[in-house]
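The following paragraphs lead through one model, beginning with strand pairing and moving on to cores and individual residues. Please keep the sequence and the structure in view while reading.

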Amino acid sequence: MKSPAPDTVTPKRSRRAKIIGAVIAIAAMAGLGWLAWDLTHPAAGQGAAGAQGGAGGPGGPGGGGGRRGGAPTTVGVATAELADIPVVLDALGTVTAAATTTVRPQVTGILQKVLFKEGQMVKAGQVLAQIDPRQFEMSLMQASGQRQRDEAQLENAKLTLERYRTLLSQDSIARQDVDTQAALVKQLEGTVMTDRASEGTARLNLGYTKVIAPISGRVGLRVVDVGNLVSSGDTAGIAVITQLSPIDVEFSVPQDRAPDVMAGVQAGEPLNAVALDRTRANALDTGRFSALDNQVDTQTGTIKAKARFANTKNTLFPSQFVNVRLELRTIKDAVMVPVTALRHGTKGDYVYVLKEDRTVSVRPVTRGQSTVDRTEIRTGLKAGEKVITEGADRLKDGAKVTLPGDKPAAGGGGRRGNRGGQGGGQAGADGASPPAGAAAGAAAPGASEPAGERRHRRDGAQPGADGQGGGERRHRREGGTERGQSGAPATPGTAQ
């Protein structure tokens with residue numbers, strides 16, 4: 001026999017190879033498509049289940065996201081209290097000495113002694129310096145001799161006048177002589193009076209040789225030394241004395257507050273004043289309001305006032321700047337809250353009031369006088385009510401709040417319940433009955449089956465020992481296609 005021709009066998013083999021290659025390619029494409037669908041389908045199924053079970057999920061109203069959005073705010077609370085609040089006027093003042101004197105000599109002479117030390121405290125009447133008194137002693141002696149001589153002449157003239165009057169009664173002398181003698185007596189009386197004045201002036205000048213302190217206070221630096229010629233015309237004098245106790249503080253009162261000051265003065269009670277240092281932290285001295293000026297300064301719109309302080313501890317010095325706090329009156333039983341509790345809005349001042357159910361309400365109020373840390377509430381709030389002092393920026397009317405001392409609520413069971421709800425929603429989406437694991441999670445949140453819960457969340461069915469859950473998953477992936485016992489898909493259209 002003849003063997004078949006080569007060109008006849010080759011076409012048959014080529015046709016069979018092409019068919020086998022096409023079948024293999026189709027099978028490979030089908031397997032890749034099934035694998036891609038199997039990897040993406042569980043995520044889609046879980047997303048649908050999450051959408052159906054969102055009420056218990058983290059993003060739903062009852063889930064973790066809802067708890068984070070509506071969590072109560074922790075706030076600080078203070079109680080409104082009744083207290084007496086003083087109405088004060090704060091101003092910047094300048095310490096001025098009650099009296100300042102430049103001690104000058106009243107006679108001209110050589111300074112013989114200086115009897116004080118620089119910066120010494122002296123008293124009124126104390127001798128500060130001594131001027132050479134010898135020339136003034138001589139002047140006093142001269143004035144005294146002149147007075148004695150004139151007094152002797154006056155006495156002689158008076159005796160002569162008495163004799164003339166006796167002779168006139170006997171008609172032995174002319175009346176003109178008597179009248180002349182009487183005029184001489186009066187003239188000598190005037191002369192004696194002048195002599196006495198001159199003697200007094202000489203004695204006074206002698207006393208001026210001792211320079212006396214006119215006021216009590218502190219002596220400044222000495223400006224003249226012993227041996228210098230001093231006189232009443234010296235501008236610098238011998239020393240300057242500044243009175244430190246009592247001492248005054250001058251300050252300015254705004255013209256709008258002047259009626260309050262006048263009302264306090266007219267009430268008859270002294271207004272207390274406190275002198276503070278530049279930091280307002282320490283009180284230097286306490287005193288009383290002294291006087292108010294009678295006109296307003298047109299440039300500053302203020303009125304000058306003065307307060308007097310005892311300054312027994314010498315804490316105030318002339319020309320020192322201090323802060324003055326003048327107490328005008330005292331408000332009795334005022335409702336006081338911390339400054340941080342008062343807030344301001346478009347409709348005015350308001351506070352957040354804490355209710356018994358741990359919610360807050362907005363309460364419009366009217367503010368009054370304020371201190372460093374507290375404010376008076378005139379209307380809108382009663383004593384004993386609690387107001388929010390911290391955390392009010394995150395509140396609104398009716399908001400729920402917690403206090404720092406409150407215990408936090410337990411949230412572990414709720415999270416486990418939400419997980420069970422997610423699994424139940426997934427089972428409902430697949431059309432299967434709720435798995436036993438979900439029911440157990442809802443009934444007993446504290447039960448722990450970690451592996452079952454993980455498989456339940458992954459598969460959306462009860463993890464049974466017979467592999468039913470895996471069959472349901474394969475059934476969903478293949479859309480109801482029959483599977484073999486091994487679970488492997490049938491080979492599509494293999495050519496024999």
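How many bridges join strand 3 to strand 12, and do they run parallel or antiparallel? Strand 3 and strand 12 run antiparallel and are joined by 5 bridges, where strands are DSSP runs of E with at least two residues, helices are DSSP runs of H or I with at least four residues, and both are numbered from the N terminus; two strands are taken to pair if DSSP finds at least two bridges between them. This is a predicted model, in which local features need pLDDT of at least 70 and side-chain atom pairs count only at pLDDT 80 or more, while totals for chains, interfaces and linings use all residues. Residues are numbered from 1 along each chain as its sequence is written, and side-chain values use heavy atoms, with hydrogens and water left out.

Between strand 3 and strand 12, Val-95 has Val-249 as its bridge partner. Strand 3 also pairs with strand 16, in the antiparallel sense and over 13 bridges, and here Glu-81 is partnered by Met-336 of strand 16.

These strands also contribute to a core. The largest nonpolar core (a set of buried Ala, Val, Leu, Ile, Met, Phe, Trp, Tyr and Cys residues joined through side-chain atoms within 4.5 Å) has 21 residues, and among those that touch the most other members are Val-249, Phe-289 and Leu-326. At least two residues of this core come from each of strand 3 (81-97), strand 12 (247-254), strand 13 (272-276), strand 15 (302-309) and strand 16 (321-338). A second, separate core of 19 residues includes Val-114, Ala-129, Phe-136 and Ile-215.

Within strand 16 lies Asn-323, which is buried (under 20% relative accessible area, against over 50% for exposed and in between for partly exposed, with a 1.4 Å probe and protein chains only) because its relative accessible area is 8%. The C-alpha atoms of Asn-323 and Leu-92 are separated by 4.7 Å, although the two residues are 231 residues apart along the chain. The side chains of Asn-323 and Arg-280 are joined by a polar contact of 3.2 Å, that is, a pair of N or O atoms within 3.5 Å, of which, within protein, one must be able to donate a hydrogen and the other to accept it, residues adjacent in sequence counting only if both atoms are side-chain atoms.

A helical counterpart is Leu-154, in helix 3 (residues 134-169), which counts as buried because its relative accessibility is 9%. Leaving aside neighbours within four places in sequence, Leu-154 is in contact (heavy atoms within 4.5 Å) with Val-185, Leu-188, Glu-189 and Val-192.
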